[in-house]
Amino acid sequence: NVISDNSGSGIGMVSAGTPIIKRNIIKGNTTSIGGGGGIAFGGDTDALIVQNLITGNQAPSGGGIAWSLPDTAQGPILVNNTIADNNATSIGSGIFADAFDGTTELTNNIIVAKPGQTALFGGPHSQNLAIIRFNNIFSPGGPAYGGACSDKTDMDGNISADPVFANPTQGDYHLKQGSPSIDSGTSITLNLPDKDIDGD
C-alpha cells in the first residue's frame, strides 16, 4: 500500500492486538496532535512492523512513528524498515517510543533524523526501552539517541552513519554503492522477509 498526504497519522491504532504492517510506503502524512505522523499507536498494541518505507511525515513527537504503551503490552517489533526525513516539531524525528516496561525490538532498521533532530527518542516511561540491534540510527548535526534511550552506537551491531541514499529529495531511498548500511545487518532474526520492498 501507499499511504500518503493525509491530514492525521498515516496509520493509527489503539488497543489493536497484534497487527502486521508490512511492505508499505507511508509518506507525507501530517498530524498536529500527539505523535506519529507515519504510524501512531497506543494501548495494548503489539505491532509487527516489517519492511516499510516511512518518509517525510510530520508530528509534534515521533515524526515517523510514535507509540505509548501500558505495562501490559509486549511492545512492537520493527524489522528492516527505512524511516527517514520525518519532522518532529518537538522530539523524536524518526521514532518517539514511550514503552513502559514493554519488550520492544528494533533490528535491521535505518532511522535517519532531519538535520539537528533526534533520530530515536525514549519517552519518560521507557525504563526498558528496546532490544536494539544491527540498526543504522543517525542524525546529521544532532543526536542519534535521546531521552530515556541511551546511545547504542557500536554495540550489538548498531552503527550511526549517513546511509548514503540514492536520491532522497526525489523519494529514492535505495542505498548507493559504498553505503555503510550495506551488509551491516543480520540475516539471523525472526520475521526477516525473503525479498526486499522491490520484490528482489
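A nonpolar core is a set of buried Ala, Val, Leu, Ile, Met, Phe, Trp, Tyr and Cys residues joined through side-chain atoms within 4.5 Å, and buried here means under 20% relative accessible area, with exposed over 50% and partly exposed in between (1.4 Å probe, protein chains only). In the largest such core of this structure there are 29 residues, and I39, I65, W67 and I95 touch the most other members. Strands β2 (11–14), β5 (39–42), β9 (65–68), β12 (95–98) and β14 (110–113) each supply at least two residues of this core; strands (E, at least two residues) are DSSP runs, numbered from the N terminus. Apart from this core lies another, of seven residues, including V112, F138, F165 and Y173. As a general background, in soluble globular proteins nonpolar side chains tend to be buried together.

A word on where the values come from: this is a predicted model, in which local features need pLDDT of at least 70 and side-chain atom pairs count only at pLDDT 80 or more, while totals for chains, interfaces and linings use all residues. Residues are numbered from 1 along each chain as its sequence is written, and side-chain values use heavy atoms, with hydrogens and water left out.

Let us take I39 as a way into the core. Not counting residues up to four places away in sequence, I39 touches I11, M13, I21, I26, I49, I54, G64, I65 and A66, where contact means heavy atoms within 4.5 Å. Two of the residues on that list, I11 and M13, also appear in the alternating pattern of β2: I11 and M13 point to one face and are buried, while G12 and V14 point to the other and are not.

Now for the sheet. Two strands pair if DSSP finds at least two bridges between them. An open sheet of six strands has the order β2-β5-β9-β12-β15-β18, with parallel pairing. Its edge strands are β2 and β18 (145–147), each of which pairs on one side only. From one strand to the next, the twist averages 10°, based on axes that are lines fitted to C-alpha atoms (for helices over the stretch in contact), with angles running from 0 to 180 degrees between N-to-C directions. At one edge, β2 and β5 pair in the parallel sense over four bridges, and M13 stands opposite F41 in β5. At the other, β15 and β18 pair in the parallel sense over three bridges, with G122 opposite G147 in β18.

Strand β11 has partners of its own. Three bridges join β7 (residues 53–55) to β11 (residues 82–91), and these two run parallel; the bridge partner of L53 in β11 is T82. T82 also stands opposite I110 in β14, as β11 and β14 pair in the parallel sense over four bridges. Strand β8 (residues 58–61) pairs with β11 too, in the parallel sense and over three bridges, and here Q58 stands opposite N87. S61 is found in β8 as well. S61 is buried, with a relative accessible area of 13%, and leaving aside its neighbours within four places in sequence, S61 is in contact with G34, G35, G36, A66, A88, I91, G92 and F96.

Next come the aromatic rings. Rings of Phe, Tyr and Trp (its six-membered ring) pair if their centres lie within 6.5 Å; planes under 30 degrees apart count as stacked, over 60 as edge-to-face and the rest as tilted. By this rule the count comes to three aromatic pairs. The rings of F41 and W67 have centres 5.6 Å apart and planes at 20°, so this pair is stacked. Because F41 lies in β5 and W67 in β9, the pair ties together parts that are 26 residues apart in sequence. Both F41 and W67 are buried. F165 and Y173 form an edge-to-face pair, at 4.9 Å centre to centre with 75° between the planes. F165 is buried, with a relative accessible area of 10%, and Y173 is buried too, at 12%.

Finally, let us visit two loops. P115 lies in the loop between β14 and β15 (120–122) and is exposed, with a relative accessible area of 63%. The C-alpha atoms of P115 and A66, 49 residues apart along the chain, are separated by 19 Å. G171 is found in the loop between β19 (165–167) and β20 (172–175), and is partly exposed at 44% relative accessible area. G171 and I159 are twelve residues apart in sequence and 23 Å apart in space, C-alpha to C-alpha.
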